[in-house]
Amino acid sequence: MMKRKIYDELLRWKRESNGKSAVLIEGARRIGKTAIAEYFGANEFPAFLTIDFSKASDDVFEVFKDLSKMERFFESLFLALGTSPLPNGSLIIFDEVQFCPKARQAIKALVADGRYFYLETGSLVSIKENTSDILIPSEEEALQMFPMDYEEFLWACGLEFEASAIVKHFQNREGFDPSAHRALMKTFRTYLAVGGMPKVVDTYLKTRDFYSVDKEKRKIIRLYEEDLKKIDQKYGTICHLVWKQMPAMLSKHSTRFIVSSTDQRADSILFANTMEKLIESKTVLAVYRCTDPTGGFSLTKDAAAFKLYFNDVGLFASIIYPSTKGDEQDIYQRLIFDKLKTNLGMLFENVSAQMLTANSFEPFYYSWSEESEGKTKSYEIDFLIHRQGKTTPFEVKSRNVSNKESLERFRERFKKRIGEKFIVDIKPLGFGDNLTYLPYYMLFAVR
C-alpha cells in the first residue's frame, strides 16, 4: 500500500472522535479511497468490514430501513452479509455510500450505539443528489482526497529522502547544486508524465513501461468521460462538452475559460448547473478570479471568470499526446528529458494548481488593466493564496523567465498586504528583486 497523507487525517479523526462521529472520504473515482480505508481498517482496528453498496444485495439495503432496535439491526446486518459479528471497537466501511442514503442517515444512531467506528466513501455528485429524503447526520466529518501529489509520488518511488531534502531546502531557503537540480527536475517531469492515480503509479513502478502506463490512464479517462455523459443525461448539463474544451483553453494559456466556446453564457442557469456538477465530480479543479486580492478572496469571487484544470496532470498528458503504441515511449521520454519542442506551460500550470490545492489552499487568480500613454495594458497573476496571514502570489513559467512585469506591477499596487512573491519555473531556487524563484519540484513544500 502506497503511503497517503490522508492516513494521518484518519488517525486524527479516530483519536479525536473516539467513535462519536463517522468520517466521509470524498473524492473523484480511482484515487484510492477504498484502498486507504481498508488499509486503515486493517492497521488501526481489531477488525474491519467493507460494505460495498454498489454491489450489496437487496437484503442489506432492507436492513437499514429499521434501526429501532440496535441488537436486531446488527444481527440482521451480519446475517445479510453472511459474516460473523465484529468485535467491539472495529471499523465498518460504507463504500460507495451514495447508493444507500439510508445507511448514511443511520450514522446518527450507529455512532450513538457506540460499538463500532464508521468510515464512508463516495462520489460527491451522487451523495448530494441522494439526500433529499434523508436527514443528514451532524455526526459526520468530511475529508477531501485527491490523486497522489508530488510528495506522495516521491514516497511511492522510494524517494523519501529526496522529499524530505526538498522540504528542508525550502525551509532553509537553500538551493541544490546544479547536478542535483537537474536530477530533481527529471524526477518531477516523470511525475508530469505519470501523474498521481494510484493504479497508474503502481503500473509505472512495476513495469517502467510508458505504453502500459498510458493504457491505465486512458481507462480512467474513458471512465471519467462516461461518468460526465451520465451526469449530462441525468441533469441536462454539458459537463462532457466543457471537459473536452479544457485542453484547447489550457494550451492557449487562456486568461480564463471561454464559456462562449460551449455556445452558452457564463451567467446562464445551464452553465451554472454544469459548473456545480463538474466541481462535485472532482474530475476538475476550478480556479476563480477574485476582484480584490487583498481581502477574503471568496468574498470577491467572480463566478463568470475562472480557469479549469484537470484533477491529475498525468491524465492531462495522455489527453494531449498520441495513443499509438510506440509513440508513448518516445513522447514521455522526451518529456522527462526536456526534449519536447512544444511549450509545456499547460502541464506546469495544471500541476501547480494541483499542488496548491493538495496543500489545502484554495487558489484564485487576479487580472487587471492599466492605462498608460493612451494604451491599455493587461496584467495577470496566475495564482493567489492566503498564507501566513498575507496574500501570496505565484507566477508559473515553463521556460526561462523573460517577463515578470505582472508580478512587479502587482507588488507596486499592493505591497503592504502581500507576503512572499514566487516565480515558479524550471530553474534552481534563487532570489532577486524581492522575488523568490522556486523550482517546480519545491512547490509542494509551500505550506
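Two strands count as paired if DSSP finds at least two bridges between them. With that in hand, here is a walk through this predicted model, starting with the pair β6 and β7.

**The β6–β7 pair**

Strand β6 covers residues 284-290 and strand β7 covers residues 301-310. They run antiparallel and are joined by seven bridges. One of the matched positions is Y288, whose bridge partner in β7 is F306. Six of the seven residues of β6 are buried, so this strand is largely enclosed by the rest of the structure.

**The five-stranded sheet**

Elsewhere you'll find an open sheet of five strands, ordered β2-β3-β4-β1-β5, with parallel pairing. The edges belong to β2 (48-52) and β5 (140-144); each has a single partner strand, so one side of each is left without a neighbour in the sheet. From one strand to the next, the twist averages 20°.

What joins β1 to β5? Strand β1, residues 22-26, pairs with β5 in the parallel sense over five bridges. To find the match on screen, look for L24, whose bridge partner in β5 is A142. As a reminder when you look at side chains, in a regular strand they alternate between the two faces of the sheet.

**Two helix pairs**

Now for the helices. Here are two packed pairs side by side:

| Helix pair | Residues | Packing angle | Axis separation |
|---|---|---|---|
| α1 and α2 | 6-17 and 33-44 | about 50° | 11 Å |
| α12 and α13 | 210-235 and 239-251 | about 140° | 7 Å |

The angle of about 140° makes α12 oblique to α13. On the α12 side, the contact is made by Y224, E225, L228, K229, I231 and D232, while α13 brings C239, H240, W243 and K244.

Helices α1 and α2 are likewise oblique to each other, and α1 passes α2 in a right-handed crossing. Here α1 contributes I6, Y7, L10, L11, W13 and K14 to the contact, and α2 contributes I36, Y39, F40, N43 and E44.

**The nonpolar cores**

Which residues have the most contacts inside the largest nonpolar core? They are L119, Y150, F188, F257, F394 and Y441, in a core of 120 residues. Take L119: leaving aside its neighbours within four places in sequence, this residue is in contact with L10, V23, I25, A37, F40, L91, I92, I93 and F94. Two of those names, L10 and F40, also turn up in the α1–α2 contact. Apart from this core lies another, of 25 residues, with A22, V60, I107 and V111 among them.

Note on methods:
Residues are numbered from 1 along each chain as its sequence is written. This is a predicted model: local features need pLDDT of at least 70, side-chain atom pairs count only at pLDDT 80 or more; totals for chains, interfaces and linings use all residues. Side-chain values use heavy atoms; hydrogens and water are left out. Helices (H or I, at least four residues) and strands (E, at least two) are DSSP runs, numbered from the N terminus. Axes are lines fitted to C-alpha atoms, for helices over the stretch in contact, and angles run from 0 to 180 degrees between N-to-C directions. A nonpolar core is a set of buried Ala, Val, Leu, Ile, Met, Phe, Trp, Tyr and Cys residues joined through side-chain atoms within 4.5 Å. Buried means under 20% relative accessible area, exposed over 50%, partly exposed in between (1.4 Å probe, protein chains only). Contact means heavy atoms within 4.5 Å. Angles under 35 degrees count as roughly parallel, over 145 as roughly antiparallel, 65 to 115 as roughly perpendicular and the rest as oblique. A crossing is left-handed if the near helix is turned anticlockwise from the far one by less than a right angle, and right-handed if clockwise.
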